[in-house]
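Welcome! Here is a short tour of one helix and one pocket, written for someone meeting this structure for the first time.

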Amino acid sequence: MTKKPGRPLGRSDARAALISEAQRFFHKQPYHKVSTRRIAENAGVDVAMIRYYFGNKAGLFEAMVRETAAPMITRMRQAVEEGKIESVNDVVSTFYREMSTGPNLPTLIFRSMMLDEDDQQRQVVEKLFQDILLPLHQLLFQRLQEKGALRTDIDPELARMSFSSLMVFPFIIPTALADIQGITMDSAFLEKLAKHNAALLQHGIFKVQGDNTL
């Protein structure tokens with residue numbers, strides 16, 4: 001079999017190993033402090049593999065973020081398309097459950113969006129947010145609107161902001177702040193919080209119905 005031109009010698013699973021190590025490094029360190037050479041060393045491959053698969057550091061970062069988010073986004077879209085999201089509780093519970101499988105992603109996005117507009121990391125994350133995460137979030141909110149769940153005396157734009165806040169904040173809260181309040185953000189706590197926040201939304205911006213079914 002003819003080898004792809006320019007491909008450096010290395011393990012066949014080099015790409016996956018680089019993505020895995022990139023997740024660890026980018027979640028722990030600011031973008032500008034992450035060394036692609038260190039990522040390659042920890043992955044056990046030649047640094048040339050990064051150039052081959054991703055082009056450069058920005059390409060590796062974008063691939064890492066997209067591939068971290070992809071499974072969660074796919075499962076949430078499937079839930080909507082298959083009609084499994086029929087209530088406010090379904091929306092919140094599904095979102096919390098899927099986001100908890102990759103809890104570092106929202107924090108990484110939030111941290112990136114706080115950087116300067118011309119920062120490369122922020123530009124990559126903004127593109128991901130606009131291409132994938134924003135449409136997904138709009139799809140979830142639209143699903144509730146289509147079901148006629150939104151109260152008629154509530155401003156839809158303000159309702160969407162409240163919805164976003166309750167959905168996202170648990171995943172971007174600083175660990176120190178959670179610790180001060182004696183909160184452990186484990187799956188059991190998130191499950192209870194999902195039900196609590198669904199109830200707040202149901203009694204605040206959505207029409208109240210007996211069993212939360214829309």
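A good place to begin is the end of a helix: G44 comes right after α2 and has a positive phi, near 75°. Keep in mind throughout that this is a predicted model.

Now step back into helix α2 itself, which spans residues 36–43 and has I39, A40 and A43 as its buried residues. These residues lie on the same side of α2, because they cover an arc of only 95° around the axis. Turn to the other side of α2 and you find R37 and E41, which are exposed. The cover over the buried residues of α2 includes α1 (14–28), α3 (48–54) and α4 (57–81). At the start of the helix, S35 places a side-chain oxygen within 3.3 Å of the backbone nitrogen of R37.

Next comes the largest pocket, which holds about 690 Å³ of space. Its lining is made of 27 residues, and those closest to the centre are F129, L134, H137, S164 and V168. Which helix gives the most to this lining? That is α8, with ten residues. The helices that each supply at least two residues of the lining are α4, α5, α6, α7 and α8; four of them are placed along the chain in this table.

| Helix lining the largest pocket | Residues |
|---|---|
| α5 | 88–99 |
| α6 | 104–113 |
| α7 | 120–146 |
| α8 | 156–172 |

What kinds of residues make up the lining of the largest pocket? They divide into 21 nonpolar, four polar and two charged residues.

How values were computed:
Residues numbered from 1 in each chain as written. Predicted model: local features only at pLDDT ≥ 70, side-chain atom pairs only at ≥ 80, totals over all residues. Heavy atoms only, no water. Buried < 20%, exposed > 50% of the residue type's maximum accessible area, 1.4 Å probe, protein only. Helix = DSSP H or I, 4+ residues; strand = E, 2+ residues; numbered from the N terminus. Arc of directions from axis to C-beta. Contact = heavy atoms within 4.5 Å. Polar contact = N/O pair within 3.5 Å; in protein donor to acceptor, adjacent residues only side chain to side chain. 1 Å grid on protein atoms, 1.4 Å probe; cavity = no way out; pocket = protein on both sides within 12 Å on 5 of 7 lines; lining within 4 Å. Points joined across faces, edges and corners; volume = space filled by probe spheres on them. Nonpolar A, V, L, I, M, F, W, Y, C, P; charged D, E, K, R; others polar.
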